[in-house]
Amino acid sequence: MNDEKTGGKFARIRAVTVFLGAQSAANSVFDDAVTAFARFLTAHDMTLVYGGSNVGTMKLLADTVLAAGGRVVGVFTSSLPSEIAHPGLTELVVAPSLAERKRILIERGDAIVALPGALGTLDELSDALARRRMKSGGHRKPVGVLNVDGYYDHLLAFIEHARETGFASRGAAQILQSGRTPEELFKRIAGNLPPSNPRNG
């Protein structure tokens with residue numbers, strides 16, 4: 001259901017950049033969460049922007065959105081094997097490097113969300129958070145994590161520890177939004193959208 005017709009709660013979030021693992025999770029709770037997140041995006045007419053792969057939970061996310069009639073933009077890179085690129089996307093962008101891939105991923109979304117993943121996901125999330133703090137050349141888009149089954153509890157605790165020890169300001173520590181369900185997360189994300197269009201930020 002389009003939010004323009006239901007009060008516009010998430011109407012300004014038209015595209016969501018998602019970072020997540022390329023491996024399949026051992027616990028089905030994570031696959032269930034990815035599927036629920038994909039259905040949330042399509043129910044609110046949000047375009048998925050992701051890494052473009054056709055493996056693991058990345059494939060599950062893209063396939064679920066596409067099966068529901070949603071739009072999926074994949075941002076792949078020429079440094080990865082072409083055979084793992086998803087063949088059925090609405091749009092596939094091929095970046096010349098991983099650094100450029102991350103830049104385009106951030107640019108194409110109105111909000112940025114990390115689902116459970118490993119080092120690659122953490123790298124992308126950290127880059128999005130660091131760019132959010134930049135006064136020049138960064139972005140103003142909300143960044144969040146879907147904290148499935150407490151997956152990101154340790155990361156959130158680390159950020160709070162960094163604040164307590166003085167390595168992060170209170171403002172910096174509050175940049176990362178968190179929710180255990182898509183609805184909870186997107187309510188917080190919607191409350192942190194900049195006053196102007198995030199695509200210009």
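## A tour from Tyr152 to helix α2

Begin by selecting Tyr152, which counts as buried at 7% relative accessibility. Keep in mind throughout that the model on screen is a predicted one.

Next, add Tyr151 to the selection: with a relative accessibility of 36%, Tyr151 counts as partly exposed. The rings of Tyr151 and Tyr152 have their centres 5.1 Å apart and their planes at 85 degrees, and because planes over 60 degrees apart count as edge-to-face, the pair falls into that class.

Now select Phe30, a buried residue whose relative accessible area is 16%. The structure holds six aromatic pairs, and one of them joins Phe30 to Tyr151, edge-to-face, at 5.7 Å centre to centre and with 80 degrees between the planes. Phe30 belongs to helix α1, while Tyr151 sits in the loop between β6 (143-146) and α5 (153-164), so this pair ties together parts that are 121 residues apart in sequence.

From Phe30, widen the view to helix α1 (residues 28-43) and show helix α2 (residues 56-67) beside it; the two pack at an angle of about 35 degrees, with their axes 8 Å apart, and their crossing is right-handed. To see the contact itself, select Asp31, Val34, Thr35, Phe37, Ala38, Arg39 and Thr42 on α1, together with Thr57, Leu60, Leu61, Thr64 and Val65 on α2. Coloured by class, this contact shows six nonpolar, four polar and two charged residues.

For the last stop, stay on Phe37, one of the α1 residues in that contact, and add Phe10, Phe40 and Phe186, which form one aromatic cluster with Phe37.

Key. Residues numbered from 1 in each chain as written. Predicted model: local features only at pLDDT ≥ 70, side-chain atom pairs only at ≥ 80, totals over all residues. Heavy atoms only, no water. Axes fitted to C-alpha atoms, helices over the stretch in contact; angles between N-to-C directions. Helix = DSSP H or I, 4+ residues; strand = E, 2+ residues; numbered from the N terminus. Left-handed = near helix turned anticlockwise from the far one by under 90°. Contact = heavy atoms within 4.5 Å. Nonpolar A, V, L, I, M, F, W, Y, C, P; charged D, E, K, R; others polar. Phe/Tyr/Trp six-rings, centres within 6.5 Å; stacked < 30°, edge-to-face > 60°. Buried < 20%, exposed > 50% of the residue type's maximum accessible area, 1.4 Å probe, protein only.
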